[in-house]
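Subject: Structure handover

Hi,

Here is the structure I promised. Please open it alongside this note; my findings follow below.

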Amino acid sequence: MKKSKFNWGTGILITIIVFMTITIGTVIFLMSQDVDLVASDYYNKGIHHQEQIDRINRTNIMGNEVSINPENGFIRLVLPNSFAKKSLIGTIQFYRPSNSKKDFAVALSIDTIAQQLISTQNMDKGYWKVKLNFSHEAAEYYKESSFVIN
């Protein structure tokens, strides 16, 4: 009876095959994972970061006159009364950190007392961020807030 020999060359070959199998398996697993970025155009936002800081500072000058508050089934957006009955252009973006597929945006449409109500009935429970962007007479503003829906 002839015994097969297990020499060092066979051991190296088995080690390389196991290493390659684990490496390819890891690459396939990692490539199949969802990657949710904070913003899809993060490079462009990075270039214009100073403009964003200027928007935030302009909004902070108004103090508590700009607010985003969760209430019973609604998000109440309040702007200064000086903006009532003026044409504002803007969006309210709702950002869900755990799942970017749930993100959505609403056009800014304030009433005569500079407020807007947005229903939270169709929103999932959990943590949300609200990003308000609006402009008036070439000046841009930005406010960010967060809340939890229980």
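This is a predicted model. I start with the pocket.

The lining of the largest pocket is made up of seven polar, five charged and three nonpolar residues. In total, 15 residues line this pocket. Nearest its centre lie Lys 45, His 48, Gln 52, Arg 55 and Tyr 142. The volume of the largest pocket is about 340 Å³. Two helices and two strands each give at least two residues to the lining: H2 (42-47), H3 (49-61), E6 (126-136) and E7 (139-149).

Next, the sheet. It is open and has four strands, in the order E4-E3-E6-E7. The pairing is antiparallel. E4 (104-107) and E7 are the edge strands. Each has a single partner, so one side of each lacks a neighbour in the sheet. On average, neighbouring strands here are turned by 20° against each other, direction ignored.

Inside the sheet, E3 (residues 89-95) pairs with E6 over seven bridges, in the antiparallel sense. Tyr 95 sits opposite Lys 129 in E6. E6 also contributes to the lining of the largest pocket, as does the edge strand E7.

Last, helix H1. It covers residues 8-31, which is 24 residues. At 1.5 Å a residue it should span 34 Å. The end C-alpha atoms are 35 Å apart, so the two values agree. Asn 7 caps the N-terminal end of H1. A side-chain oxygen of Asn 7 lies 3.2 Å from the backbone nitrogen of Gly 9.

Best wishes

Key. Residues numbered from 1 in each chain as written. Predicted model: local features only at pLDDT ≥ 70, side-chain atom pairs only at ≥ 80, totals over all residues. Heavy atoms only, no water. 1 Å grid on protein atoms, 1.4 Å probe; cavity = no way out; pocket = protein on both sides within 12 Å on 5 of 7 lines; lining within 4 Å. Points joined across faces, edges and corners; volume = space filled by probe spheres on them. Nonpolar A, V, L, I, M, F, W, Y, C, P; charged D, E, K, R; others polar. Expected span 1.5 Å × (residues − 1). Polar contact = N/O pair within 3.5 Å; in protein donor to acceptor, adjacent residues only side chain to side chain. Pairing = 2+ DSSP bridges. Axes fitted to C-alpha atoms, helices over the stretch in contact; angles between N-to-C directions.
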